[in-house]
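Student: Got a minute to walk me through this one? I'd like to start with the pockets, but tell me first how the helices are counted.

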Amino acid sequence: MIHMIGQALFGLLVGVVAKLLVPGRDPGGLIVTALIGMVGGWLGGRIGRMLGWYDEGHPAGFGMSIVGAMVLLLIYRLVA
């Protein structure tokens with residue numbers, strides 16, 4: 001249970017930083033920001049593994065999580 005709360009808080013932090021770094025109007029509220037951060041962390045890990053920066057099973061770092069969230073935020077803006 002505590003792990004899930006930690007993941008949500010980490011996702012919120014990543015989502016907020018990504019929203020601050022990407023200029024423009026931000027869609028969604030607090031929950032959408034946390035979801036963008038959590039999925040962005042997963043996407044950042046996938047990108048890092050494709051580039052050979054991370055081994056299989058290792059999570060993405062904070063910076064790569066933000067990059068993934070920024071990519072996801074740009075895609076979300078194009079769709080919404």
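Tutor: Sure. Helices here are DSSP runs of at least four residues, numbered from the N terminus. Keep in mind that this is a predicted model.

Student: OK, so which helices each supply at least two residues of the lining of the largest pocket?

Tutor: Helix 1 (2-21) and helix 2 (30-50) each do that. Helix 2 gives the largest share, with 6 residues.

Student: How much space lies in that pocket?

Tutor: About 210 Å³.

Student: And which residues line it?

Tutor: The lining is Gln7, Phe10, Gly37, Met38, Gly41, Trp42, Gly45, Arg49, His58, Pro59, Ala60 and Ser65.

Student: How does that lining divide into nonpolar, polar and charged?

Tutor: You get 5 nonpolar, 6 polar and 1 charged. Glycine is counted as polar in that split.

Student: Switching topics: which residues are in the largest nonpolar core?

Tutor: That core has 7 residues, namely Val14, Ala18, Val22, Ile36, Ile66, Ala69 and Leu73. Helix 1 and helix 3 (62-79) each supply at least two residues of this core, and helix 3 gives the most, with 3 residues.

Student: What's Ile36 in contact with, leaving aside its neighbours within four places in sequence?

Tutor: With those neighbours left out, Ile36 is in contact with Ala69, Leu72, Leu73 and Tyr76. Ala69 and Leu73 are core residues too.

Student: Now Thr33. Where does it sit, and is it buried or exposed?

Tutor: Thr33 is in helix 2. Its relative accessible area is 6%, so Thr33 is buried, the cut-off being under 20%.

Student: What does Thr33 contact, again leaving aside neighbours within four places in sequence?

Tutor: Gly11, Leu12, Gly15, Val16 and Lys19 are its contacts on that basis.

Student: And Trp53, buried or exposed?

Tutor: Trp53 is exposed, because its relative accessible area is 58% and the cut-off is over 50%. Trp53 is found in the loop between helix 2 and helix 3. Leaving aside neighbours within four places in sequence, Trp53 is in contact with Gly48 and Met64.

Student: Last thing. What's the mean pLDDT of the chain?

Tutor: The mean is 85, and 99% of the residues reach 70 or more.

Student: Which helix has the lowest confidence and which the highest?

Tutor: Helix 1 is lowest, at a mean of 86, and helix 3 is highest, at 88.

How values were computed: Residues numbered from 1 in each chain as written. Predicted model: local features only at pLDDT ≥ 70, side-chain atom pairs only at ≥ 80, totals over all residues. Heavy atoms only, no water. 1 Å grid on protein atoms, 1.4 Å probe; cavity = no way out; pocket = protein on both sides within 12 Å on 5 of 7 lines; lining within 4 Å. Points joined across faces, edges and corners; volume = space filled by probe spheres on them. Core = buried A, V, L, I, M, F, W, Y, C linked by side-chain atoms within 4.5 Å. Buried < 20%, exposed > 50% of the residue type's maximum accessible area, 1.4 Å probe, protein only. Contact = heavy atoms within 4.5 Å. pLDDT = per-residue confidence, 0-100.
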